[in-house]
Amino acid sequence: MIETDQLTRCYGHLTAVDALSIRVEPGQVLGLLGPNGAGKSTAMRMIAGFLVPTSGTARVCGHDVSREPLKAKRALGYLPEGAPSYGEMTVREFLHFIVRMRGLKAETSYRRFDAVVQQLQLEEVLEVCIDTLSKGLRRRVGLAQAILHDPPVLMLDEPTDGLDPNQKHAVRQLIDVMARDRTILISTHLLEEVHALCNRVVIIARGKLLADATPAELEARSRYHGAVSFSAPGSGMSQEMLGRLPQVASIEVDPLDGRITVFPKPGERILEAVETLLREQGLEVSEIQLERGRLDEVFRQITTSDDRAAEVRA
Amino acid sequence: MSPVNAVLRRELRSYFVTPVAYVFLVIFLVLSGILTFYAGDYYERGQADLQPFFAMHPWLYLILVPAITMRMWAEEAKGGTLELLLTLPLTLWQAMLGKFLAAWLFIGLALALTFPIWITVNYLGSPDNGIILAGYLGSWLMAGSFVAIGACLSALTRSQVVAFILTALVCVLLILIGQPQVLDFFSGALPRKLINAVAHLSMLRHFEAIARGVLDVRDLLYFLLSTLGWLLAGVLLLDLKRTR
């Protein structure tokens, strides 16, 4: 479990993390979402015990990171931003170093080493210097380092940054498998990742917590939530008819591909009504879609409510 | 295996993977040999001892120890591995100690590899091997203090060059501070007692005492305490950086 209470960090006059209180339970994958410079990494560094909070507390598995740093660090697997590792070492040497630092028993360490190397597909690069590895491989080495001691709590700062789509998929599967009985906190600015991985999202900007919800709840805040979109050539007439439906709030036409999106009034469901109308008009509809809501739009809406302040910080 | 040991082994390995170790060993061995025979008038003195050899060590350490220690923390801070290291379950003291011991043991190895000169002097005459042993001990202790200074100042900055220059500067101050010329320079401006106190801070004075074969507890304590003091300062610096 990860708990933070009023966690705050200032750099001079700048407040990088502002009274952040979050709680992640076992079985949860919490996505820490925010624009660049929002304070995601700073928050994680405090939870990992690298930075000392200006005020507030963070606990990992009940251990306060300031009072019982070693116990907290033992319970935590942490992938720092950019997945730093010792470049002059080979992958095998580096992982052995982590084994020794973590004080793993010989038997456990062999089993874990083999398991992790297999999970992250590092077999072929074990004897290669980390310096010469590609960005994606280095990230996987960093991940291997983080999960080597099979920690109950995992904190990953942008785990799939720099990976190709296949590698992203592999890492997400790995996190999915690990998520069952663990507490996982990942930071990301990739919205697709939130869909693929997280069962809870915390959005922060300028160090402040702005939203704490499930991905579905966030999508429901989008104005696209419940909207119906379709492509139908020559549907000029029916647009007017659609606008007259009592549940419909507005209609937009994409100027590029002519795709029509019909927005409902709040709390209304319009899919059936739209379908019925189109059928009555005898229109050829190639494809019709009920929108779940757009995370990117919600993200923008939440994080840019105070644009000018954000620009000053950037 | 304890974290100190793990850090120590990693550091030592990194010396030998990069050319640092070999460059250091070669330069140290060549220079200590050349300086002893040419600058130290090893033959002309006609004495079966290693005084000229040990007399060169402070000056060799002045250049070579900062070269070893400059990367100790600066490189980790710059490369981001500091975050990795300090989020592993070890205390700052353990990390500092592991790194210090690695560098100190490495210099011990360099010292041990100067054994041909010991064989030479034994072949040429019959020196007091006790004094030579004391010389080696004193030299190694002094190297320890230099390494501790370098470790502390490397924690101060992300730049290896800055760490090198600061370390060399502090070391040269500590070597020269007890020299008569320096003390005379200040004798007019400062009270006698202060001058005497400052003179006792001199590395050279304590090292020369040990190298003469006089194992005084005060000289040993000087090196022990200055080493621990600088390491402590380094740990405090690292801790301060986490809050800043």
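User: What counts as a helix here?

Analyst: A helix is a DSSP run (H or I, at least four residues), numbered from the N terminus. This is a predicted model, where local features need pLDDT of at least 70, side-chain atom pairs count only at pLDDT 80 or more, and totals for chains, interfaces and linings use all residues. Residues are numbered from 1 along each chain as its sequence is written, with chains lettered from A and ligands numbered from 1 in the order in which they are written.

User: Cool! Which residues are buried in helix 13 of chain B?

Analyst: Helix 13 of chain B spans residues 203–211, and B:M203, B:H206, B:F207, B:I210 and B:A211 are buried there (20 or more other C-beta atoms, placed from the backbone, within 10 Å).

User: And where do they sit around the axis?

Analyst: They are on the same side of helix 13 of chain B, because they cover an arc of only 135° around the axis (taken from the directions to their C-beta atoms).

User: What do they pack against?

Analyst: Those buried residues pack against helix 3 (51–55), helix 4 (57–69), helix 9 (129–154), helix 10 (160–176) and helix 14, in chain B. Here contact means C-beta atoms within 7 Å.

User: What comes just after helix 13 of chain B?

Analyst: B:G213, which takes a positive phi of about 100°.

User: New topic: how many residues does each chain give to the contact?

Analyst: Chain B gives 19 residues and chain A gives 20 residues. On the chain B side, helix 1 (3–17), helix 6 (81–86) and helix 14 (217–243) each supply two or more. Helix 1 of chain B has the largest share there, five residues.

User: One more: what does A:M155 touch?

Analyst: Leaving out residues up to four places away in sequence, A:M155 touches A:M44, A:I47, A:A48, A:L76, A:Y78 and A:L185.

Key. Two residues are in contact if their C-beta atoms, placed from the backbone, lie within 7 Å. A residue is buried if 20 or more other C-beta atoms lie within 10 Å of its own, exposed if 12 or fewer, and partly exposed in between; C-beta atoms are placed from the backbone.
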